[in-house]
Amino acid sequence: MTDDKQLDAAFAALANPTRRAILARLVQGEATVNTLAEPFDMSLPAISKHIRVLEDAGLITRGRHAQFRPCTLNATPLKAVAHWTDQYRHIWDMRFDAMDRIITERKGTNDD
C-alpha cells in the first residue's frame, strides 16, 4: 500500500468512534473479537466489520492462538498520522499564541 493510500485508510478508519474505542481498548493488550464487542450495543457481525476496516487500514493485526484469533494494535500507521498532523502544528501554535495575547490584553483592559 502506498503511503498516501495507507494514510487515507488510517484516517477513514479513525473517523468512526467505535473503531477509535476498539483501538483504545487494544492499547491495553490483545483481545478477542468477543472481548472487543462487550462494551458495544451492536451485533458481533457489526463489530467484525469495524475490525475488518481497522485490519485493512493496518491498524490492527490478528494472530492465531489455538482456536482464538486475538486482535493486536499495530501503531505504525498511527505514527504516519501523527507525522502528517505535526506538519500543521506550527499553525495551531501560532493561533493559540495569538488567542492568548488577545485574552491577556482583554484581561488587562478589564482590570482598569
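These legends go with several close-up views of a predicted protein model.

**View 1. The whole chain and how confident the predictor is.**
Residues are numbered from 1 along each chain as its sequence is written. In this predicted model, local features need pLDDT of at least 70, side-chain atom pairs count only at pLDDT 80 or more, and totals for chains, interfaces and linings use all residues, while side-chain values use heavy atoms, leaving out hydrogens and water. The score called pLDDT is the predictor's confidence in each residue, from 0 to 100. For the protein chain its mean is 90, and 95% of the residues reach 70 or more. Helices (H or I, at least four residues) and strands (E, at least two) are DSSP runs, numbered from the N terminus. Among these elements, helix α2 (residues 17-26) has the highest mean pLDDT, 97, and helix α6 (residues 89-110) the lowest, 85. Where pLDDT is low, the predicted coordinates should not be read in detail.

**View 2. Helix α1 meets helix α5.**
Here you see α1 (residues 3-14) packing with α5 (residues 76-86) at an angle of about 95°, their axes 10 Å apart. Axes are lines fitted to C-alpha atoms, for helices over the stretch in contact, and angles run from 0 to 180 degrees between N-to-C directions. The two helices are therefore roughly perpendicular (65 to 115 degrees; under 35 is roughly parallel, over 145 roughly antiparallel, and the rest oblique). Look for Q6, L7, A10, F11 and L14 of α1 in contact with P77, L78, A80, V81, W84 and T85 of α5 (contact means heavy atoms within 4.5 Å). By class, this contact has nine nonpolar, two polar and no charged residues. Ala, Val, Leu, Ile, Met, Phe, Trp, Tyr, Cys and Pro count as nonpolar, Asp, Glu, Lys and Arg as charged, and the others, Gly among them, as polar.

**View 3. Helix α2 against helix α4.**
Helix α2 packs with α4 (residues 44-56) at about 75°, with axes 10 Å apart, and that makes the pair roughly perpendicular. On the α2 side are T18, R19, I22 and L23, which meet I47, H50, I51, V53 and L54 in α4. Six nonpolar, two polar and one charged residues make up this contact.

**View 4. The buried side of α2.**
Buried means under 20% relative accessible area, exposed over 50%, and partly exposed in between (1.4 Å probe, protein chains only). In α2 the buried residues are T18, R19, I22, L23 and L26. They lie on the same side of α2, because they cover an arc of only 140° around its axis (the arc is that of the directions from the helix axis to the C-beta atoms). Their cover includes α1, α3 (33-37), α4, β1 (60-62) and β2.

**View 5. Two residues of α4: H50 and I51.**
H50 is buried, with a relative accessible area of 12%. Not counting residues up to four places away in sequence, H50 touches N16, T18, R19, I22 and M42. I51 is buried too, at 1%. With the same kind of neighbours left out, I51 touches I22, V33, L36, I60, R62 and C71. I51 and I22 are 29 residues apart in sequence, and their C-alpha atoms are 8.1 Å apart.

**View 6. Two loop residues, A75 and Y88.**
A75 sits in the loop between β2 (71-73) and α5, and at 41% relative accessibility it counts as partly exposed. Y88, in the loop between α5 and α6, is partly exposed at 36%.
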